[in-house]
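User: I'm new to this one and would like a close look at a single part of it. Could you pick a piece that sits well inside, explain what surrounds it, and then show me how some other parts pack?

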Amino acid sequence: WISPPRLILLLMMCLATLQFAQSSKARGEVVESLGYAKLAMWMLAIFWIPAFATALVSPRPGNSFTMVLEWFLLWNMPFLVAIWIFGDRETFAKFIRITLWSLCVVFVLTILEYVERKPIWFGYIPSFLKVDGPLYNAIMQEQVRVGDNRYRARGVFAVHLYYAQFILMVTPFILHKAIENRGWMRFWAYALLAFNLLVIWMTNTRTGMTGFILVASGMVALYALRRFLNPSNKADMVAPAIFMTVPVAIMALAVLIMASPRLQTITVGGAQTRSSDAGRDNQWRKGWAAMEKNPFGHGGGISPRLAGRMAGDRYIIDSLWLNFMLDFGVFSFFGFMAFLITTAYYGVRMYVTTRDDTVKLMGPAAVAVGGMALTTYTISFVGNLPFMMMLVGAIYAFRRSVMLEEKAKGIVPKTALPLRSPMLGRAA
């Protein structure tokens, strides 16, 4: 099935291949950026080497190898291109601005979809983009939760969960703009944040709502930490106020969730989600049994038949974590998660130590990567990973430029997160 995102990625791959083949400067910048993150690269290698190796023991070696090769290209090419392009910091800032303004259009289309109870692009799909059989019929059906007639918006995706996951990756950038912008741009950012929450509610997904709470909390916590480490003056009380408010806010939210059955359903779950919870628990039980027999991986694409459930004419699995552990092995899964955690740490460190407005974008990028790692526990969808890998590439590109600046100033690059606040005059 040829999809628009894959066509765009194919075009990017062709252009990047030509550029890297002709420009030693482009190759050098990418290699240098990766050299500043050797630990993360070793973690990524721990993921990919078993992914390819398990194809040799797969019941369907040809299919497994093809799937892994496709993932390798679709994830790593945007990653390398992002390192090269976002070496210019202002380019990444423009990319984020374009993304957020594009969201305005997508959110309007989502609201219209929710009112009509179907995407407005239904009936206008070109024949070459259509798939035959049960998959196309499933996509065309109205998506509602069992026992709940409320429509589940899917936006520009085929499934509401995938749409919610994408929105969560851009939420930190919206919140960052709401915090940092001034004048009418701050009003625009807060309005976009309100529509962002509305659209997540329209997806009617627990992953979206709980993810929004976690991502927003993470972004606010990062902002408080940065204000604590870099106060405008010694009387700056923004960070202490946030630190004191957070426990109260958490308790208030807990009380609201316990008091409201509706909030329980859209966050921790309720009667309407028990079948989904039971199905996911059953998948993990079968998955653990399969891992006890073989913890080193069964081959790409095998996990749905080992622990998944039937959906139409095929097996599917509801957790990318379980997918990776069964397909590529436990060590491969932990390698990938360690890669994402290390990447997020690099972004957090740049965010809390910089005074450059563009480098501050690494904070929301880190939160987006961390949020993506969390949501994959309940979603086994890889279509959003190329966008995540672009954010990862941006973090490595910025890390290179920041470390080069530090070297030029005679500052010895450090990897530890500095926790010394001028407000206290000592290490925190």
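Analyst: Let's start with helix 14, where eight of the nine residues are buried, so this helix is largely enclosed by the rest of the structure. "Buried" stands for under 20% relative accessible area, "exposed" for over 50%, and "partly exposed" for what falls in between (1.4 Å probe, protein chains only). Helices are DSSP runs of H or I with at least four residues, strands are E runs with at least two, and both are numbered from the N terminus. This is a predicted model, in which local features need pLDDT of at least 70 and side-chain atom pairs count only at pLDDT 80 or more, while totals for chains, interfaces and linings use all residues. Residues are numbered from 1 along each chain as its sequence is written, and side-chain values use heavy atoms, with hydrogens and water left out.

Which residues of helix 14 are buried? They are Leu320, Leu322, Asn323, Phe324, Met325, Leu326, Asp327 and Phe328. Their cover includes helix 3 (38-53), helix 4 (61-85) and helix 12 (274-293), along with helix 13 (303-307), helix 15 (330-353) and helix 17 (385-408).

Now for the two ends. At the N-terminal end, Ser319 acts as the cap, with a side-chain oxygen 3.3 Å from the backbone nitrogen of Trp321. After helix 14 comes Gly329, which has a positive phi near 105°.

Asn323 is a good residue to zoom in on, and it belongs to helix 14 (residues 320-328). Its relative accessible area is 8%, so Asn323 counts as buried. The side chains of Asn323 and Ser303 are joined by a polar contact of 3.3 Å. A polar contact is a pair of N or O atoms within 3.5 Å; within protein, one must be able to donate a hydrogen and the other to accept it, and residues adjacent in sequence count only if both atoms are side-chain atoms. If you set aside neighbours within four places in sequence, Asn323 is in contact (heavy atoms within 4.5 Å) with Ser303, Ile317 and Ser380.

You can also come at helix 14 from helix 13, which holds Leu306. Leu306 has 31% relative accessibility, so it is partly exposed. Apart from neighbours within four places in sequence, Leu306 touches Lys286, His298 and Leu326, and Leu326 is one of the buried residues of helix 14. Leu306 and Ile317 are eleven residues apart along the chain, with 9.3 Å between their C-alpha atoms.

Stepping back, the protein chain has 17 helices and four strands. Of its 428 residues, 50% count as buried. Among contacts with a separation of 6 or more, 74% are between residues 24 or more positions apart.

On to helix pairs. Helix 7 (residues 160-180) and helix 8 (residues 184-203) have axes that come within 9 Å and cross at roughly 160°. That makes helix 7 roughly antiparallel to helix 8. The axes are lines fitted to C-alpha atoms, for helices over the stretch in contact, and angles run from 0 to 180 degrees between N-to-C directions. Under 35 degrees counts as roughly parallel, over 145 as roughly antiparallel, 65 to 115 as roughly perpendicular, and the rest as oblique. The crossing of helix 7 and helix 8 is left-handed, a term for a near helix turned anticlockwise from the far one by less than a right angle (clockwise would be right-handed). The contact residues include Tyr163, Ile167 and Leu168 of helix 7 and Tyr190, Leu193 and Val199 of helix 8. By class, this contact of helix 7 with helix 8 has 14 nonpolar, four polar and two charged residues. Here Ala, Val, Leu, Ile, Met, Phe, Trp, Tyr, Cys and Pro are nonpolar, Asp, Glu, Lys and Arg are charged, and the others, Gly among them, are polar.

Helix 9 and helix 10 (residues 238-259) pack at about 160°, their axes 8 Å apart. They are therefore roughly antiparallel to each other, and their crossing is left-handed. Among the residues that meet are Ile213, Val220 and Phe228 in helix 9 and Ile242, Phe243 and Leu253 in helix 10. That contact of helix 9 with helix 10 has eleven nonpolar residues, no polar ones and one charged.

Finally, a look at the loop between helix 8 and helix 9 (206-229), home to Asn204. Most residues other than glycine have a negative phi. Asn204, though, has a positive phi near 55°, and with a relative accessible area of 2% it is buried.
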